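Colleague: I am new to this structure and would love a guided close look at one part of it. Could you take the side chains that meet one another, and show me how they sit in the fold?

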Amino acid sequence: MIFSDKDIAQFAQLETPFYYYDLNLLQQTLDACAKYANLYNFHVHYAMKANFNPKVVGRVKAMGFGADAVSGGEVRQAIDLGFPAGQIVFAGVGKSDKEINYALDQDIFCFNVESIQELEVINDLAAKKGKVAKVAIRINPNVDAHTHQNITTGLDENKFGINSWDLPDCATVLKQSENLQFIGIHFHIGSQITNLDVYKNLCVRVNEFAAWFTERGFAVKVLNVGGGLGIDYHSPDQQIPDFENYFKIFNEFLNVGHGQEVHFELGRALVGQSASVISQVLYVKNGKKKNFIVLDVGMTELMRPALYQAYHKIQNISKSATAGDAAGAVEGFTKYDVVGPICESTDCFGKEVELPETFRGDYIAIRSTGAYGEVMASNYNLREDVRVAFIE
Ligand SMILES: *Cc1c(COP(=O)(O)O)cnc(C)c1O
């Protein structure tokens, strides 16, 4: 998504701020993912929580990918948008009875179960309906994802999954539960993983756990390795993640037996680069210590920077200059703190960002906002509902 004069002329017809989705780029990304996953017959589920905008999800669904839901609402959204129930997986550390019952009624492909107690609850609820629920055990493999601490999920201290020392009890419960059908094992160790070696470590653990279950008489049909593949937030124009090497690692390092399937749950990598937030400058405040750019977009529309200090590239697209906070000062550029209008000091998109001299009314693009952007919007401060526009 590189902004042409035509784009910018079009912005004048729209009310800022808004999410600007490039559906052509989304399509290229999905095509690349499918191409490399298909080399090895890998199954891809799309992690709905990254972006559940119907237009975006529609493109994903058309690829034949399955859906990965983390709430009853996401299971419902996946079904409403046309995903076959038999391709929906449902994870989450706190599934309520209502959510479990709903998913049982829909006959989803699989529950990714995160505690022994949850196994017992699903068994009871399935029994009441005279059904057999398919389950995969989400194991916490204690693999360091080398990502931001707030988005790492596969370490002993994280709340997700069943820890290895609880697996013997887990196996006992599985064997006793007549309304559960064990289909495999599941992992998801974190998000925005950019070091692919992390996945080699994961594969080693997956092989060990699969062997553990097999030795105890379980048929491990599904190896679900989750998602987490990162995108390059610093180079938003380098847009398609390295699906080729990502899938290659799993092909090389996973022991996949006869009849076993490998499943993935990708979110960010599929949708992250396909949107920017387009905003306008409300005010420029030049202080003694700091210069501030006050935007009309806030943490209410894009929460990632406030929530986990996430970096997004910020560009003044009203200026022809190659904008951005490149390393080192650029001549004629000024350092600004780029902030939103919300009454919170964390409502800041970037500190000391190098930008060309900026004025009220300039258009500012906040890049790489297709994942965990629109979905986290809120009406805090009684802000208006988030707006969207599409390049189709
Ligand atoms: C969030 C999530 C994903 C997707 O993570 P990404 O980093 O967006 O790829 C996959 N699986 C589960 C269980 C998740 O919670």
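Modeller: Happily! Let me begin with a definition: a charge is said to sit over a ring if NZ of Lys or CZ of Arg is within 6 Å of the ring centre and within 35 degrees of the ring normal. Arg-76 fits that description, lying over the face of Tyr-102 at 4.3 Å from the ring centre. Lys-95 does likewise with Phe-90, at 5.5 Å from the ring centre. Please keep in mind that the model is predicted, and that every value I mention is computed from it.

From charges over rings, let us go to rings with rings. A pair of aromatic rings is described by the distance of the centres and the angle of the planes. The count of such pairs here is 25. In one of them, the centres of Phe-11 and Phe-18 are 5.6 Å apart and the planes meet at 70°, so the pair is edge-to-face; the reasoning is that an angle over 60 degrees earns that name. Phe-11 is buried, at 0% relative accessibility, and Phe-18 is buried as well, at 2%.

Phe-42 and Phe-247 make a tilted pair, with 6.0 Å from centre to centre and 50° between the planes. Where do Phe-42 and Phe-247 lie along the chain? Phe-42 is in the loop between α2 (23-38) and β2 (43-47), while Phe-247 belongs to helix α9, so the pair ties together parts that are 205 residues apart in sequence. Phe-42 has a relative accessibility of 8% and counts as buried because the limit is under 20%. Phe-247 is buried too, at 0%. Both rings also belong to a cluster linked by ring pairs, whose other members are Tyr-40, Tyr-199, Phe-243, Tyr-246, Phe-250 and Phe-264.

Next come the side chains that meet through opposite charges. The whole structure holds 15 salt bridges, and three examples show how varied their settings are. Asp-237 and Arg-367 form one, with their closest N and O atoms 2.9 Å apart. This pair links distant parts of the chain, 130 residues apart: Asp-237 sits in the loop between β9 (222-224) and α9 (243-253), and Arg-367 in the loop between β16 (363-366) and β17 (388-391). Is each partner buried or partly exposed? Asp-237 is partly exposed at 39%, whereas Arg-367 is buried at 2%.

Asp-197 and Lys-200 give a more local picture, with a salt bridge of 3.2 Å from N to O. These two residues are three apart in helix α8, which means that about one helical turn separates them. Asp-197 is partly exposed, with 41% relative accessibility, and so is Lys-200, with 29%.

The third example joins Glu-384 to Arg-387 at 2.8 Å, N to O. Glu-384 is exposed at 53%, while Arg-387 is partly exposed at 23%. Glu-15 joins these two residues in a network of salt bridges.

To see side chains set against a sheet, turn to strand β12, residues 291-295, where four of the five residues are buried. On one side, β12 runs antiparallel to β11 (residues 275-286), with five bridges between them, and a hairpin of four residues connects the two strands. Three bridges also join β12 to β14, this time in parallel. Ile-293 of β12 is a handy landmark: Val-284 stands opposite Ile-293, and Val-338 in β14 stands opposite Ile-293 too.

One last stop is Cys-343, where an unreviewed UniProt entry places the feature "active site". Cys-343 lies in the loop between β14 (333-339) and β15 (348-356). Cys-343 counts as exposed because its 64% relative accessibility is over 50%. Leaving aside residues up to four places away in sequence, Cys-343 touches Tyr-380 and Asn-381.

Notes. Residues numbered from 1 in each chain as written. Predicted model: local features only at pLDDT ≥ 70, side-chain atom pairs only at ≥ 80, totals over all residues. Heavy atoms only, no water. UniProt positions renumbered as here; feature names shortened; annotations may be inferred. Buried < 20%, exposed > 50% of the residue type's maximum accessible area, 1.4 Å probe, protein only. Contact = heavy atoms within 4.5 Å. Salt bridge = Lys/Arg side-chain N within 4 Å of Asp/Glu carboxyl O. Pairing = 2+ DSSP bridges. Phe/Tyr/Trp six-rings, centres within 6.5 Å; stacked < 30°, edge-to-face > 60°.
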